[in-house]
Amino acid sequence: MGIVAGLDSSSAFTHIVVCDTDTGAVLRQGYAAHPVEPKATEVDPQVWLLSLGEAATGGLLEGVQAIGVSAQQHGLVPLDRQGNLVRPALLGNDKRAQVAAADLIDGLGGRQAWAEAVGAVPQAAQPVSKLRWLARTEPEMAQRVAAVLQPHDWLVWQLLGRPARRTTDRGAASGTGYWSAGSESYRPELVELALGRQAALPEVLGPCEAAGTTPEGLLISAGTGETMAAAFGLGVGVGDAVVSLGASGSVMAVHHEALADPTGMITSFADATGMHLPVVHTSNAVRALRGTAEMLDVEDLEELSTLALKSTPGASGLVLLPYLEGERTPHLPHTAGTLSGLRRESMKPEHLARAAFEGMLCSLADALNVLRGRGVEVRRVFLLGAAAELPAVQALAPMLLGTQVVVPEPAQYAALGAARQAAWALGVSQGSLDPRTPPVWQDAAAQVLDPGEELSVGQAVRQQYVATRDQIHPGAFDAAR
């Protein structure tokens with residue numbers, strides 16, 4: 001038996017799991033919050049190291065042979081020629097690069113040109129957009145930039161003692177906006193388009209390759225982004241999709257090839273195993289539930305869930321299009337939400353509560369169908385996020401998503417994925433594991449929900465939702481068909 005560790009450095013905390021290499025059983029855990037403001041958009045990366053050190057106290061890493069690193073995606077860490085920080089790291093939640101992203105889209109000739117180049121249309125979060133923002137708003141800082149890393153790249157580099165070689169992995173690289181998941185290569189001309197000149201980019205490692213070994217003999221695996229690490233920790237494979245319920249939503253699935261989507265609805269990520277993770281984002285998910293709870297003056301989402309289950313399928317004809325913050329899927333950035341079907345008999349709190357749950361899940365079903373429409377196989381859906389535990393979500397999701405739904409028990413899946421990657425790299429280095437096959441770890445404990453006889457009911461609710469959506473926003477999904 002060996003011991004490996006996975007650390008996940010998210011936007012708010014570091015979580016470390018220490019696992020058995022053979023089974024994935026968690027032996028020890030550590031946690032520490034980042035010493036940053038809750039909604040900070042830029043930070044000194046040293047806070048990630050401080051948090052890591054605090055999480056690893058008390059002999060947590062004693063006996064560990066290899067470490068994998070997962071970290072928040074879309075951060076930009078700009079370095080000068082000596083490897084020193086040019087300015088604080090720009091984080092993924094920084095929206096200041098929205099105009100820069102639009103400039104880049106026009107600069108390359110439109111959304112389709114970007115989709116064909118790197119499998120994604122620039123958004124404010126991506127490093128490529130942040131580089132353009134830096135060049136336009138802080139030109140003196142931009143002139144000093146000689147190399148760019150993302151948070152996971154920087155942490156791996158620090159753990160290895162800042163060697164001359166800097167690395168990343170294909171999963172994290174696929175979120176930059178200047179690496180193509182289709183060709184598995186950088187597009188340096190896009191860095192030049194954004195920054196005005198070239199910058200050194202980290203070497204992209206394969207899924208089971210090691211980034212290096214510390215002077216103490218600790219192997220550091222390639223690491224990856226949080227999304228890819230969480231998928232690896234869950235153990236999803238071809239035929240699986242993951243629906244994440246946050247304030248906004250996302251749907252991703254494992255697929256055998258990169259998808260170039262000229263509509264920009266699909267972002268073509270690579271995963272941590274050598275496969276691909278096409279992702280479709282929605283701007284609204286749980287925020288639609290919270291807004292409805294406030295409107296109805298109910299205490300929390302649990303009470304809203306109870307209220308919703310007092311209604312009937314179709315919410316007595318009420319349909320909520322939950323586009324409260326505009327919408328990414330379909331591409332309706334300037335629209336608003338719509339409540340349709342108001343009649344005297346439908347104007348009751350329980351019907352509005354149910355319409356909120358149905359609207360959120362139907363919107364995510366729309367996103368899922370974007371992937372299905374491009375040939376992505378979906379046999380089951382993993383449902384993540386605290387809202388996945390709500391009885392109304394569990395009752396409605398299988399019939400509205402039209403497939404088996406798996407609700408995993410809460411766990412640190414990104415850290416587990418990082419640990420599994422470390423075990424893979426360690427096994428390959430020792431000759432005990434195949435470079436093409438990751439270690440088989442125990443499945444996550446989960447509830448499994450089937451649509452059963454409710455499938456036809458769900459289809460009727462979906463038809464009511466789609467008819468309303470198409471009436472109010474005709475042609476919204478035409479480009480995706």
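Here is a walk through this structure, from its annotated domains to a few unusual spots in its backbone.

What you're looking at is a predicted model, in which local features need pLDDT of at least 70 and side-chain atom pairs count only at pLDDT 80 or more, while totals for chains, interfaces and linings use all residues. Residues are numbered from 1 along each chain as its sequence is written, and side-chain values use heavy atoms, with hydrogens and water left out.

Let's start with the annotated regions. UniProt, in an unreviewed entry, puts "domain: Carbohydrate kinase FGGY N-terminal" on residues 4-224. The same kind of record, also unreviewed, places "domain: Carbohydrate kinase FGGY C-terminal" at residues 241-426. UniProt positions are given in the numbering used here, feature names are shortened, and annotations may be inferred rather than shown by experiment. In the model, residues 4-224 are 30% helix and 25% strand, and the end C-alpha atoms of that span lie 16 Å apart. Residues 241-426 are 37% helix and 22% strand, with end C-alpha atoms 28 Å apart. Helices (H or I, at least four residues) and strands (E, at least two) are DSSP runs, numbered from the N terminus.

Now for a sheet. Seven strands, in the order β18-β19-β17-β16-β22-β23-β24, make an open sheet with mixed pairing. Two strands count as paired if DSSP finds at least two bridges between them. At the edges stand β18 (266-270) and β24 (446-449), each with a single partner strand, so one side of each has no neighbour in the sheet. From one strand to the next, the twist averages 25 degrees; for such angles, axes are lines fitted to C-alpha atoms (for helices, over the stretch in contact), and the angles run from 0 to 180 degrees between N-to-C directions. Look at β16 (residues 239-245) and β22 (residues 378-384): they pair in the parallel sense over 6 bridges. Val243 stands opposite Leu383 in β22.

Next, the charged side chains. A salt bridge here is a side-chain nitrogen of Lys or Arg within 4 Å of a carboxyl oxygen of Asp or Glu, and a search of the whole structure turns up 17 of them. In one of these, Arg87 meets Glu138, with the closest N and O atoms 2.7 Å apart. That pair links distant parts of the chain, 51 residues apart: Arg87 is in the loop between β6 (77-79) and β7 (89-90), and Glu138 is in the loop between α4 (127-137) and α5 (139-144). Is Arg87 buried or exposed? Arg87 is buried, with a relative accessible area of 7%; buried means under 20%, exposed over 50%, and partly exposed in between (1.4 Å probe, protein chains only). Both residues also belong to a network of salt bridges that links Glu42, Arg87, Asp94, Arg96 and Glu138.

Asp103 and Arg136 form another salt bridge, at 3.5 Å from N to O. Asp103 sits in helix α2 (residues 98-108) and Arg136 in helix α4, 33 residues apart. Asp103 is partly exposed at 29%, and Arg136 is exposed at 55%.

For a pair within one helix, try Glu358 and Arg354, whose closest N and O atoms are 2.9 Å apart in a salt bridge. Both lie in helix α12 (residues 349-372), 4 residues apart, about one turn of the helix. An α-helix has 3.6 residues a turn, so residues three or four places apart point the same way. Both Glu358 and Arg354 are buried.

Helix α9 (residues 226-234) has several buried residues, including Met228, Phe232 and Leu234. Just after α9, Gly235 takes a positive phi of about 80 degrees.

Finally, some backbone oddities. Most residues other than glycine have a negative phi, and most peptide bonds are trans. His74 isn't a glycine, yet has a positive phi of about 70 degrees. His74 lies in the loop between β5 (66-71) and β6 and is buried, at 17% relative accessibility. Ala315 also has a positive phi, about 55 degrees. Ala315 lies in the loop between α11 (301-308) and β20 and is buried at 0%. The peptide bond from Thr329 to Pro330 is cis, with omega near 5 degrees, and Pro330 lies in the loop between β20 (319-321) and β21.
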